[in-house]
Amino acid sequence: ADPKISASHLYLHPRVAQSGCEEEVLSAAAELWREMQTGANKFLGMTHSGCLKLLQLAAPDLGFRNILCDESQDTNPVSLSLLWRQVDAGASLTLVGDPRQQIYSWRGAIDAMQGIDCEEFRLTRSFRFGDNIAWAANVILQKYGISLFPLIGASGSEDAIFDGGLPDDRAKGSHALL
(Lines give C-alpha, C1' and ligand atoms only; values in the text may rest on other atoms or scores of the structure.)
Protein backbone atom coordinates (compact mmCIF):
# COMPACT_ATOMS: atom_id res chain seq x y z
CA ALA A 1 0.00 0.00 0.00
CA ASP A 2 3.06 2.28 0.16
CA PRO A 3 3.37 5.06 -2.42
CA LYS A 4 6.83 3.91 -3.59
CA ILE A 5 8.75 0.67 -3.69
CA SER A 6 11.47 0.32 -1.08
CA ALA A 7 13.80 -2.30 0.33
CA SER A 8 11.06 -3.37 2.76
CA HIS A 9 9.11 -4.76 -0.22
CA LEU A 10 11.92 -7.02 -1.37
CA TYR A 11 12.53 -10.59 -0.54
CA LEU A 12 15.96 -11.59 -1.70
CA HIS A 13 17.36 -15.03 -1.20
CA PRO A 14 20.18 -14.76 1.39
CA ARG A 15 22.86 -15.51 -1.24
CA VAL A 16 21.48 -12.81 -3.52
CA ALA A 17 21.20 -10.34 -0.64
CA GLN A 18 24.87 -10.92 0.21
CA SER A 19 25.85 -9.87 -3.28
CA GLY A 20 24.77 -6.30 -2.50
CA CYS A 21 22.42 -6.01 -5.47
CA GLU A 22 19.49 -4.58 -3.50
CA GLU A 23 19.80 -1.13 -5.09
CA GLU A 24 19.98 -2.65 -8.58
CA VAL A 25 16.81 -4.66 -7.95
CA LEU A 26 14.99 -1.60 -6.61
CA SER A 27 16.12 0.48 -9.56
CA ALA A 28 14.99 -2.20 -12.04
CA ALA A 29 11.59 -2.49 -10.32
CA ALA A 30 11.12 1.29 -10.43
CA GLU A 31 12.03 1.31 -14.13
CA LEU A 32 9.56 -1.51 -14.88
CA TRP A 33 6.82 0.43 -13.06
CA ARG A 34 7.60 3.54 -15.13
CA GLU A 35 7.49 1.50 -18.35
CA MET A 36 4.16 -0.05 -17.35
CA GLN A 37 2.67 3.41 -16.80
CA THR A 38 4.02 5.00 -19.97
CA GLY A 39 3.79 2.05 -22.36
CA ALA A 40 7.45 2.59 -23.27
CA ASN A 41 8.08 -1.16 -23.42
CA LYS A 42 5.98 -2.89 -26.08
CA PHE A 43 6.47 -6.25 -24.35
CA LEU A 44 5.31 -5.06 -20.95
CA GLY A 45 1.73 -3.92 -20.55
CA MET A 46 -0.24 -2.60 -17.62
CA THR A 47 -1.62 -5.45 -15.50
CA HIS A 48 -4.79 -5.57 -13.43
CA SER A 49 -2.64 -5.19 -10.31
CA GLY A 50 -0.98 -2.15 -11.85
CA CYS A 51 -4.35 -0.54 -12.61
CA LEU A 52 -5.46 -1.20 -9.03
CA LYS A 53 -2.24 0.41 -7.74
CA LEU A 54 -2.82 3.50 -9.92
CA LEU A 55 -6.36 3.82 -8.53
CA GLN A 56 -5.07 3.48 -4.96
CA LEU A 57 -2.36 6.10 -5.57
CA ALA A 58 -5.00 8.52 -6.89
CA ALA A 59 -6.74 8.23 -3.48
CA PRO A 60 -10.23 8.78 -4.88
CA ASP A 61 -13.43 9.19 -2.93
CA LEU A 62 -15.61 6.75 -4.87
CA GLY A 63 -18.78 8.17 -3.31
CA PHE A 64 -20.20 4.89 -2.03
CA ARG A 65 -22.18 4.94 1.22
CA ASN A 66 -21.89 1.18 1.85
CA ILE A 67 -19.13 -1.19 0.79
CA LEU A 68 -19.03 -4.97 1.21
CA CYS A 69 -15.64 -6.71 1.04
CA ASP A 70 -16.12 -10.46 0.65
CA GLU A 71 -13.24 -12.90 1.21
CA SER A 72 -11.63 -10.19 3.32
CA GLN A 73 -9.25 -12.72 4.88
CA ASP A 74 -7.39 -12.50 1.56
CA THR A 75 -7.32 -8.74 0.98
CA ASN A 76 -4.20 -7.26 -0.55
CA PRO A 77 -2.78 -4.12 1.13
CA VAL A 78 -3.47 -1.95 -1.94
CA SER A 79 -7.18 -2.84 -1.95
CA LEU A 80 -7.39 -2.42 1.82
CA SER A 81 -5.81 1.03 1.56
CA LEU A 82 -8.43 1.98 -1.04
CA LEU A 83 -11.21 0.64 1.20
CA TRP A 84 -9.98 2.58 4.26
CA ARG A 85 -9.87 5.72 2.10
CA GLN A 86 -13.59 5.23 1.46
CA VAL A 87 -14.26 4.77 5.18
CA ASP A 88 -12.35 8.01 5.87
CA ALA A 89 -14.67 9.67 3.33
CA GLY A 90 -17.73 8.45 5.27
CA ALA A 91 -18.52 5.03 3.79
CA SER A 92 -19.69 2.12 5.91
CA LEU A 93 -17.53 -0.99 5.40
CA THR A 94 -18.70 -4.56 6.00
CA LEU A 95 -16.01 -7.24 5.97
CA VAL A 96 -16.98 -10.86 5.32
CA GLY A 97 -14.56 -13.74 5.50
CA ASP A 98 -13.10 -16.65 7.40
CA PRO A 99 -9.50 -16.42 8.64
CA ARG A 100 -9.28 -20.22 8.46
CA GLN A 101 -9.73 -19.99 4.69
CA GLN A 102 -6.87 -17.58 4.01
CA ILE A 103 -5.05 -18.98 0.96
CA TYR A 104 -3.27 -15.97 -0.57
CA SER A 105 -0.88 -14.91 2.21
CA TRP A 106 1.94 -16.27 0.02
CA ARG A 107 1.35 -13.33 -2.33
CA GLY A 108 1.02 -10.66 0.33
CA ALA A 109 -2.68 -10.89 1.17
CA ILE A 110 -3.64 -10.03 4.72
CA ASP A 111 -6.66 -10.67 6.90
CA ALA A 112 -8.50 -7.33 6.79
CA MET A 113 -10.58 -8.41 9.80
CA GLN A 114 -7.51 -8.88 12.01
CA GLY A 115 -7.31 -6.41 14.87
CA ILE A 116 -10.56 -4.59 14.11
CA ASP A 117 -12.73 -3.92 17.14
CA CYS A 118 -16.28 -4.25 15.82
CA GLU A 119 -19.43 -6.28 16.12
CA GLU A 120 -18.97 -9.81 14.79
CA PHE A 121 -21.62 -12.09 13.32
CA ARG A 122 -21.08 -15.77 12.64
CA LEU A 123 -22.65 -17.55 9.71
CA THR A 124 -23.01 -21.17 10.73
CA ARG A 125 -25.94 -22.34 8.60
CA SER A 126 -24.98 -23.67 5.19
CA PHE A 127 -27.16 -24.12 2.14
CA ARG A 128 -24.37 -26.14 0.49
CA PHE A 129 -24.89 -29.34 2.50
CA GLY A 130 -27.43 -31.05 4.71
CA ASP A 131 -27.57 -32.10 8.34
CA ASN A 132 -25.52 -35.29 7.84
CA ILE A 133 -22.54 -33.43 6.38
CA ALA A 134 -22.84 -30.75 9.08
CA TRP A 135 -22.77 -33.44 11.77
CA ALA A 136 -19.66 -35.06 10.25
CA ALA A 137 -17.92 -31.68 9.91
CA ASN A 138 -18.66 -30.85 13.55
CA VAL A 139 -17.21 -34.22 14.67
CA ILE A 140 -14.00 -33.59 12.69
CA LEU A 141 -13.65 -29.98 13.88
CA GLN A 142 -14.16 -31.07 17.48
CA LYS A 143 -11.60 -33.88 17.10
CA TYR A 144 -8.96 -31.37 15.97
CA GLY A 145 -9.85 -28.92 18.74
CA ILE A 146 -11.09 -26.20 16.44
CA SER A 147 -13.41 -24.11 18.53
CA LEU A 148 -16.29 -23.00 16.34
CA PHE A 149 -19.96 -22.53 16.71
CA PRO A 150 -21.63 -25.72 15.50
CA LEU A 151 -22.32 -25.90 11.77
CA ILE A 152 -25.95 -26.36 10.78
CA GLY A 153 -26.88 -27.99 7.51
CA ALA A 154 -29.79 -27.23 5.23
CA SER A 155 -32.60 -29.42 6.53
CA GLY A 156 -34.19 -31.61 3.92
CA SER A 157 -31.05 -31.80 1.79
CA GLU A 158 -30.39 -35.34 0.60
CA ASP A 159 -26.79 -35.83 1.63
CA ALA A 160 -25.14 -39.07 2.58
CA ILE A 161 -22.18 -40.14 4.64
CA PHE A 162 -20.47 -43.38 3.73
CA ASP A 163 -17.12 -44.95 4.45
CA GLY A 164 -15.83 -46.05 1.09
CA GLY A 165 -16.93 -47.13 -2.33
CA LEU A 166 -19.48 -45.24 -4.34
CA PRO A 167 -23.15 -45.02 -3.43
CA ASP A 168 -25.58 -47.03 -5.54
CA ASP A 169 -27.55 -43.97 -6.55
CA ARG A 170 -25.04 -41.22 -7.42
CA ALA A 171 -27.74 -38.99 -8.89
CA LYS A 172 -29.32 -38.17 -5.53
CA GLY A 173 -27.97 -35.40 -3.30
CA SER A 174 -24.40 -34.66 -2.46
CA HIS A 175 -21.94 -37.19 -1.05
CA ALA A 176 -18.81 -37.08 1.04
CA LEU A 177 -16.16 -39.67 1.71
CA LEU A 178 -15.04 -39.86 5.32
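pLDDT is the predictor's confidence in each residue, from 0 to 100. That score is a handy way into this structure, since the model is a predicted one. The chain averages a pLDDT of 86, and 88% of the residues score at least 70. Among the elements of the chain, strand β1 (residues 66-69) comes out with the highest mean pLDDT, at 97, while strand β4 (residues 174-177) has the lowest, at 46. The low score of β4 fits into a short stretch at residues 174-178, where pLDDT stays under 50. Even so, the model has 20 contacts beyond four places in sequence for residues 174-178.

On to the overall layout. The chain is built from five helices and four strands. Read from the N terminus, the elements go α-α-α-β-α-β-α-β-β. Of the 178 residues, 21% count as buried. About 13,300 Å² of the chain is exposed, and carbon and sulfur atoms supply 55% of that area. As for how the chain comes together, take the contacts between residues at least 6 apart in sequence: 57% of them join residues at least 24 apart.

Helix α2 is a good place to start with the details. Helix α2 spans residues 22-38 and holds both E31 and R34, which sit three residues apart, about one turn of the helix. The side chains of E31 and R34 meet in a salt bridge, with an N to O distance of 2.7 Å. In general, side chains of opposite charge can pair when their charged atoms come close. Both partners are partly exposed: E31 has a relative accessible area of 34%, and R34 has 45%. A30 is also found in helix α2. At 23% relative accessibility, A30 counts as partly exposed, because the buried class needs a value under 20%. The C-alpha atom of A30 is 7.2 Å from that of I5, although A30 and I5 are 25 residues apart along the chain.

After helix α2 comes a loop that leads to α3 (48-58), and G45 lies in that loop. G45 is partly exposed, with 45% relative accessible area. Ten residues separate G45 from E35 in sequence, and their C-alpha atoms are 8.2 Å apart in space.

The structure holds three salt bridges, counting the one in α2. Another joins the side chains of R100 and D98, at 3.3 Å from N to O. D98 is partly exposed here, with a relative accessible area of 23%. R122 and E120 form a salt bridge too, and their closest N and O atoms are 3.0 Å apart. How exposed are these two partners, R122 and E120? R122 counts as partly exposed at 46% relative accessibility, whereas E120 is exposed at 56%. The two labels differ because exposed means over 50%.

What about disulfides, and how many are there? The count comes to zero, as a disulfide would need a pair of cysteine sulfur atoms within 2.5 Å. Two cysteines can still be placed by their accessibility. C51 is partly exposed at 43% relative accessibility, and C118 is exposed at 55%.

A couple of backbone angles also stand out. Most residues other than glycine have a negative phi. A59 is not a glycine, yet its phi is positive, at about 50°. A59 sits in the loop between α3 and β1, and at 35% relative accessibility A59 counts as partly exposed. E71 is another such case, a residue that is not a glycine but has a positive phi of about 55°. The loop between β1 and α4 (77-88) is where E71 is placed. Its relative accessibility of 43% makes E71 partly exposed.

Last, there is a nonpolar patch on the surface. I140, Y144, I146 and L148 make up this patch, which covers about 370 Å². Y144 is found in the loop between α5 (131-143) and β3 (159-162). With a relative accessible area of 61%, Y144 is exposed.

How values were computed
Residues numbered from 1 in each chain as written. Predicted model: local features only at pLDDT ≥ 70, side-chain atom pairs only at ≥ 80, totals over all residues. Heavy atoms only, no water. Buried < 20%, exposed > 50% of the residue type's maximum accessible area, 1.4 Å probe, protein only. Helix = DSSP H or I, 4+ residues; strand = E, 2+ residues; numbered from the N terminus. Contact = heavy atoms within 4.5 Å. Areas by Shrake-Rupley, 256 points an atom, 1.4 Å probe, with all protein chains shown as cover. Salt bridge = Lys/Arg side-chain N within 4 Å of Asp/Glu carboxyl O. Patch = residues over 30% accessible without salt bridge, like charges linked within 9 Å, V, L, I, M, F, W, Y side chains within 5 Å.
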